[in-house]
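Student: I am new to this structure and would like a close look at a single part of it. Please describe the open sheet, and then what surrounds it.

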Amino acid sequence: MRNSTRRNALRRVVVAAAALVLTGGVVRAQFYEFTFPGASSFDGWEELNSGTFVGYGSFPGGSAWPGPIGSNAADSEDAGLYRLAGETTASPLKGGPFLASESLYFGSFSQVPNTLGGTLRVADSTPVAGVRTIVFQIQIGGADGYDFHLPSGVPALRVNGGTNGVAPSSTAVLNRYQDGTFYSPETEQEEPVYVNTWGFEWHLPEGEVTSFAIDFSAVTHAQIYRMQLDQSSTVTSGVFLPEMAMGACGTPAFNGAATSMTNSFRATPGALLKVEYRESLTAGSWISAGLHSVANDGTLNVPFSQSGDHRAGWSRRMFFRAYHPTDP
């Protein structure tokens, strides 16, 4: 356990003229990095494959691991990744999670959508003293339209050896890119396969926390590439609000009934964002500009429209804010 000073600070950004208002961490290699106030700690798992960690099974992955996989990123503490269970099908050659050549793979001889491929646990027996905020990030490749096994495989927090899992206070898809396709018998056509970077955030009440664990289950043929665990002794909410920067401002046009304009932004590639806008931070309500996907090159063009003639006001200033659709 330690006080971390390497994480980049959370901050509020307001850009003048056409202004952008949001709160968030800094994204580095698809993961957010933080500097939390108070005591904090960090654990990261990088290059989760058989070349980095030797002896953690082979296909189809039905065997137990020799021990937990310790965090190996620079400045990591002593949290571990544990294998709790493998595949639960009736096949005599059951699969499960093991370290393959490129990833932590949930092996199986069958290919049925949303089939439980195994259960893992990230655990820390020496948490930050007085821990109040826990943040978990994971990059996971899906299979047949799923990554976590639904409905019960989404990461849940267990504190002090408790059996009841605590659902995260907020969840966000931080990044997504397509990695091939699969044939769906439901739609009878090729559907995209995605690698998703998920973020989960928990807030704990005051009280002694001597240990905690985050349990989650993935579907068969899912792959995990990287994970990160952050802790803080302070309550810090909204850590996964998106990072976004102003690009270019359009020219407002009035058609006799409404004013319209399209502005461009730079944002996290692959992110799905809700965008809102207003003319003043002190008057009026935020107006929705809809839900938008950021292109793989990080560009985002957003059209804005409002009844009435707003050319004079929009030419001077506008304010924008963006957030993930799973944020409260």
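Tutor: Five strands make up an open sheet, arranged in the order β6-β7-β10-β15-β12 with antiparallel pairing. Strands here are DSSP runs of E with at least two residues, numbered from the N terminus, and two of them pair if DSSP finds at least two bridges between them. Strands of a sheet pair through backbone hydrogen bonds, either parallel or antiparallel. At the edges stand β6 (69–70) and β12 (156–159); each has a single partner strand, so one side of each is left without a neighbour in the sheet.

The model is a predicted one, in which local features need pLDDT of at least 70 and side-chain atom pairs count only at pLDDT 80 or more, while totals for chains, interfaces and linings use all residues. Residues are numbered from 1 along each chain as its sequence is written, and side-chain values use heavy atoms, with hydrogens and water left out.

Within the sheet, strand β7 (residues 80–85) and β10 are joined in the antiparallel sense over five bridges. In this pairing G80 stands opposite A123 of β10.

Strand β10 also contains D124. This residue is buried, with a relative accessible area of 3%; buried means under 20% relative accessible area, exposed over 50%, and partly exposed in between, for a 1.4 Å probe and protein chains only. A polar atom of the D124 side chain lies 2.8 Å from the backbone nitrogen of T126. Leaving aside residues up to four places away in sequence, D124 touches D43, D78, A79, S211, F212 and Q231, where contact means heavy atoms within 4.5 Å.

L116 belongs to strand β10 as well, and at 19% relative accessibility it counts as buried. Its C-alpha atom is separated by 8.1 Å from that of T89, a residue 27 places away along the chain. Beyond four places in sequence, the contacts of L116 are E87, T88, H149, S217, A218 and T220. T220 sits in the loop between β15 and β16 and is buried, with a relative accessible area of 2%. Among the residues that T220 touches are E87, F106, S108 and L116.

Strands β10 and β15 also take part in the largest nonpolar core. Such a core is a set of buried Ala, Val, Leu, Ile, Met, Phe, Trp, Tyr and Cys residues joined through side-chain atoms within 4.5 Å. This one has 36 residues, of which L48, L81, I138, I224 and M227 touch the most other members. At least two residues each come from β9 (104–106), β10 (116–124), β11 (133–141), β14 (189–203), β15 (212–219) and β16 (223–232). The greatest contribution is that of β15, with five residues. L48 has contacts that include F53, I69, L81, I224 and M227.

Aromatic residues complete this view. Rings of Phe, Tyr and Trp (its six-membered ring) pair if their centres lie within 6.5 Å; planes under 30 degrees apart count as stacked, over 60 as edge-to-face and the rest as tilted. The whole structure holds 17 such pairs. In one of them, the rings of F148 and W198 have centres 6.0 Å apart and planes at 65°, so this pair is edge-to-face. F148 lies in the loop between β11 and β12, whereas W198 lies in strand β14, 50 residues apart. Both residues are buried, and they form one aromatic cluster with F136, F200, W202 and F216.

Methods:
Helices (H or I, at least four residues) and strands (E, at least two) are DSSP runs, numbered from the N terminus. A polar contact is a pair of N or O atoms within 3.5 Å; within protein, one must be able to donate a hydrogen and the other to accept it, and residues adjacent in sequence count only if both atoms are side-chain atoms.
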